[in-house]
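Here are a few exercises to help you find your way around a new structure. Try each one with the model in view before you read its solution.

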Amino acid sequence: MSEIESAKTRALDELAAAGDAKALEAWRIAWLGKKGFVTGLMKKLKELPREEKPAFGQAVNILKNELARAFETRTSVVAPARNASRRKIDITLPGARPERGGLHPITQMQGHMITCMRSLGFEVVEGPEIEDEFHNFNALNIPPNHPARSEADNFYLSDDLLLRSQTSTVQIRMMETRKPPLRIIAPGRVYRPDTVDASHHYMFHQLEGLAVDRGLTMKDLKTTLVLFFSGLFGEDVEIRLRPNFFPFTEPSAEVDVACTFCKGEGCSTCQNKGWIEMGGCGMVDPNVFAAVGIDPEEYTGFAFGLGIERLAMRRYGIPDIRLLTENDVRFLKQFR
Ligand code: DAH
C-alpha cells in the first residue's frame with residue numbers, strides 16, 4: 001500500500017513535468033498503458049493472500065482513476081488538440097445542412113405592397129400599436145358614442161389607452177408632425193376582439209395610405225389605387241369604388257378588385273360576386289384636418305386602408321386565417 005502512495009506522488013510529479021504531447025503520451029504508456037505501472041499492480045493482486053485482496057484492489061482502482069483524471073486535466077492544458085482528436089470526429093461525413101428559412105406570407109405580401117406604393121412616391125412610416133383615444137377615434141371624427149368605440153369591439157388597456165383597431169391612427173400622427181405635401185403608407189398590426197374563425201382574427205394587418213396636397217381629388221385616389229393594384233396583380237386589373245361611409249373620409253368608398261381568378265365572371269373565390277373587397281378609402285374629412293391643424297381650404301387629401309391578410313390569402317390560396325398565426329413549420333415552408 002505504501003508503494004502505491006509513493007508511486008502516486010512520483011506519477012503526478014512526472015505528469016506535471018510533461019510539457020508537450022509527446023511527453024504526455026510517454027507518461028500515459030508508462031503509467032496507464034497495457035504494460036504500464038497500474039496494469040502491473042493489477043497483476044500483483046493475484047499473488048496476494050485472500051484477505052488483502054479487497055483493500056489492495058480498491059487502492060489500485062482509486063489510483064488508476066486519479067491518474068486518469070490528472071492526465072485529462074494536464075492534457076487539456078498542455079495539448080488541447082490531443083483531446084479534440086480523440087473525440088473521433090469523422091471529418092469526411094457530409095455536414096448537417098442548416099434549413100433555409102423564408103419570409104412569412106404576410107411579410108411577403110406586405111413587401112409587395114410596399115414596393116408598389118414606393119414606386120408611386122409614397123414613404124413607409126410606422127405608428128405605435130398602443131394608442132390613445134385621440135388618435136384612434138377623436139381625431140378621426142369618430143363621435144363619443146359611436147359603436148366603434150364600444151368595449152366589446154376594442155382591447156382597452158385603460159380609460160384612454162387601447163390596442164389600435166385601425167392603422168388610420170398613423171394618418172393623424174403624420175399630419176400632426178409633418179407639413180403637407182404628404183405621401184405616406186403605414187403597414188402594421190391592428191387588434192379587435194373578434195371571435196376567431198376561418199376568416200376572422202383578433203389581430204390582423206392593414207396597410208394605410210395617405211396623401212395630402214393642394215388640389216388632390218378623387219381622381220388622384222382612384223389613379224393611385226389602379227396603379228397600385230396593377231402593380232400587385234398585373235396591368236389588366238380592374239377596380240371599382242363603391243359608395244360607403246367612414247367617419248374620417250368624405251366622400252368614402254369601398255375598394256373592390258375584379259376577381260383575379262374568374263375576371264369578373266363569378267367563381268368560388270369571389271363567392272360568385274365577380275369582385276373582391278379590399279378595404280376602404282375616401283377623401284380626408286375636413287373635421288380630420290381641423291383636428292390636426294391643417295387648413296381644409298388650402299389642402300385636400302385622400303386615404304385608404306387595405307387588409308393585408310385578405311390579399312395574402314387570395315394571392316397564395318390560403319383557406320384559413322388561423323394558419324397564419326399557428327406557426328406550423330410545414331405550412332410556412334411552402335412559402336420559402
Ligand atoms: N380604417 C378603416 C377600417 O379599419 C379602413 C379605412 C377606410 C381606412 C377608409 C381609410 C379610409 O384610410 O379612408 O376599417
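**Exercise 1. How many aromatic pairs are there, and how are the rings of Phe229 and Phe233 arranged?**

Step 1. In this predicted model, the count comes to eight aromatic pairs.

Step 2. Look at Phe229 and Phe233: their rings are 6.1 Å apart, centre to centre, with 5 degrees between the planes, and the pair is stacked.

Step 3. Now place the two residues on the chain. Both belong to helix 9 (residues 218-233), and because they are four residues apart, about one helical turn separates them.

Step 4. Check how much of each is accessible. Phe229 has a relative accessible area of 0% and is buried, whereas Phe233, at 24%, is partly exposed.

Step 5. Turn to Phe246 and Phe248, whose ring centres are 5.8 Å apart; their planes meet at 25 degrees, so this pair is stacked. Phe246 is partly exposed at 23%, while Phe248 counts as buried at 11%.

Step 6. Finally, find the aromatic cluster formed by Trp27, Trp31, Phe37 and Phe71.

**Exercise 2. Which residues touch the most other members of the largest nonpolar core, and which element gives the largest share?**

Step 1. This core has 41 residues, and Met113, Phe228, Phe229 and Phe304 touch the most other members.

Step 2. Trace the elements that give two or more residues to this core: helix 6 (105-118), strand 6 (203-213), helix 9, strand 8 (249-258), strand 9 (275-284), strand 10 (300-307) and helix 11 (308-316). Helix 6 provides the largest share, six residues.

Step 3. Follow Met113 outward. Setting aside neighbours within four places in sequence, Met113 is in contact with Leu207, Phe228, Leu232, Leu306, Ile308 and Leu311.

Step 4. Another core, of 23 residues, lies apart from this one and includes Ala139, Leu140, Met174 and Leu210.

**Exercise 3. Which residues of helix 11 are buried, and what covers them?**

Step 1. Pick out the buried residues of helix 11: Ile308, Glu309, Leu311, Ala312 and Met313.

Step 2. Look for their cover, which includes helix 6, strand 6, helix 9, strand 9 and strand 10.

Step 3. Go just past the end of helix 11, where Gly317 has a positive phi of about 65 degrees.

**Exercise 4. Which parts of the chain do the salt bridges Lys333 and Glu99, and Arg183 and Asp213, tie together?**

Step 1. Start with the total: 16 salt bridges.

Step 2. Lys333 and Glu99 meet through their side chains at 3.6 Å, N to O. Lys333 is in the segment after helix 12 (329-332) and Glu99 is in the loop between helix 5 (80-86) and helix 6, so this bridge ties together parts 234 residues apart in sequence.

Step 3. Compare their surroundings: Lys333 is partly exposed, at 35%, and Glu99 is exposed, at 57%.

Step 4. Next, the side chains of Arg183 and Asp213 form a salt bridge of 3.9 Å, N to O. Since Arg183 lies in strand 5 and Asp213 in strand 6, the pair ties together parts that are 30 residues apart in sequence.

Step 5. Arg183 is partly exposed, with a relative accessible area of 33%. Asp213 counts as buried because its value, 19%, is under the 20% cut-off.

Step 6. To finish, find Arg240, Arg242, Asp256, Glu277 and Arg310, which are joined into one network by salt bridges that share partners.

Notes. Residues numbered from 1 in each chain as written. Predicted model: local features only at pLDDT ≥ 70, side-chain atom pairs only at ≥ 80, totals over all residues. Heavy atoms only, no water. Phe/Tyr/Trp six-rings, centres within 6.5 Å; stacked < 30°, edge-to-face > 60°. Buried < 20%, exposed > 50% of the residue type's maximum accessible area, 1.4 Å probe, protein only. Core = buried A, V, L, I, M, F, W, Y, C linked by side-chain atoms within 4.5 Å. Contact = heavy atoms within 4.5 Å. Salt bridge = Lys/Arg side-chain N within 4 Å of Asp/Glu carboxyl O.
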